[in-house]
Amino acid sequence: VIKESSDEQIIEVMNGCICCTVRGDLAVALKRLREKTSGFDGIIIETTGLADPAPVAQTFFVDEEVRDAYSLDGIITVVDAKHVLEHLREEK
């Protein structure tokens with residue numbers, strides 16, 4: 001296991017939007033990880049507290065260096081079974 005972290009371990013914003021911050025920090029961490037090791041089979045990114053996985057997924061397509069070095073295989077989402085139907089019915 002190779003552990004990589006960014007300078008920002010905790011990101012707190014008042015308006016709830018961390019999309020750009022997450023994407024930027026993740027791209028930097030992925031690039032550093034690539035420099036530290038000659039190769040690995042995969043990376044698991046755990047995003048507890050991030051309601052929308054799109055910013056994380058976009059990192060693999062938007063950043064050219066990350067796009068060339070990695071490929072996104074899938075996204076697994078864990079939901080609160082007690083409240084999931086209520087949230088799915090919400091109008092946005």
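# Notebook: a four-helix model

I began with two aromatic residues: Phe60 and Tyr70 are both buried. Buried means under 20% relative accessible area, exposed means over 50%, and partly exposed lies in between, with a 1.4 Å probe and protein chains only.

I noted the ground rules. This is a predicted model, where local features need pLDDT of at least 70, side-chain atom pairs count only at pLDDT 80 or more, and totals for chains, interfaces and linings use all residues. Residues are numbered from 1 along each chain as its sequence is written, and side-chain values use heavy atoms, with hydrogens and water left out.

**Entry: the overall plan**

I looked up the secondary structure. The protein has 4 helices and 0 strands. From the N terminus, the order is α-α-α-α. Helices (H or I, at least four residues) and strands (E, at least two) are DSSP runs, numbered from the N terminus.

I then asked what share of the 92 residues is buried. It is 18%. The exposed area of the protein is about 7,700 Å², and carbon and sulfur atoms supply 52% of that. Accessible areas come from the Shrake-Rupley method with a 1.4 Å probe; for residues, only the protein chains shown count as cover.

I also checked contacts, which means heavy atoms within 4.5 Å. Of the contacts between residues at least 6 apart in sequence, 59% join residues at least 24 apart.

**Entry: the core**

Which residues form the largest nonpolar core? I listed 8: Leu26, Ala27, Leu30, Leu33, Val56, Phe60, Val66 and Tyr70. Helix H1 (19–36) and helix H2 (54–62) are the elements that each give two or more residues to this core. H1 gives the most, with 4 residues. A nonpolar core is a set of buried Ala, Val, Leu, Ile, Met, Phe, Trp, Tyr and Cys residues joined through side-chain atoms within 4.5 Å. In soluble globular proteins, nonpolar side chains tend to be buried together.

I picked Leu26 from this set. Leu26 sits in helix H1. It counts as buried because its relative accessibility is 12%. Beyond residues up to four places away in sequence, Leu26 touches Ile45, Val56 and Thr59. I also looked at Pro55: its C-alpha atom is 9.6 Å from that of Leu26, though the two are 29 residues apart along the chain.

**Entry: Phe60 and its ring partner**

I went back to Phe60. Setting aside neighbours within four places in sequence, Phe60 contacts Leu30, Ile45, Val66, Arg67, Tyr70 and Leu72.

How many aromatic pairs does a search of the whole structure find? It finds 1. The ring centres of Phe60 and Tyr70 are 6.4 Å apart and the planes stand at 85°, so this pair is edge-to-face. The pair links distant parts of the chain: Phe60 is in helix H2, and Tyr70 is in the loop between H3 and H4, 10 residues apart. Rings of Phe, Tyr and Trp (its six-membered ring) pair if their centres lie within 6.5 Å; planes under 30 degrees apart are stacked, over 60 edge-to-face, and the rest tilted.

**Entry: charges around Lys31**

I counted salt bridges and found 2. A salt bridge is a side-chain nitrogen of Lys or Arg within 4 Å of a carboxyl oxygen of Asp or Glu. Side chains of opposite charge can pair when their charged atoms come close.

Lys31 bridges to Asp63, with the closest N and O atoms 3.0 Å apart. This pair links distant parts of the chain, Lys31 in helix H1 and Asp63 in the loop between H2 and H3, 32 residues apart. Lys31 also forms a salt bridge with Glu65, at 3.9 Å from N to O. Here Glu65 is in helix H3 and Lys31 in helix H1, 34 residues apart. Lys31, Asp63 and Glu65 are thus linked in a network of salt bridges.

Buried, exposed or in between? Lys31 counts as partly exposed because its relative accessibility is 24%. Glu65 is partly exposed too, at 46%.

**Entry: the surface**

I found a nonpolar surface patch of about 380 Å², made by Phe61, Val62, Leu72 and Ile75. Patches use residues with over 30% relative accessible area and no salt bridge: like charges are joined within 9 Å, nonpolar side chains (Val, Leu, Ile, Met, Phe, Trp, Tyr) within 5 Å. Leu72 lies in the loop between helix H3 (64–69) and helix H4 (84–89). At 33% relative accessibility, Leu72 counts as partly exposed.

Last, I checked Ala51, in the loop between H1 and H2. Ala51 counts as exposed because its relative accessibility is 81%.
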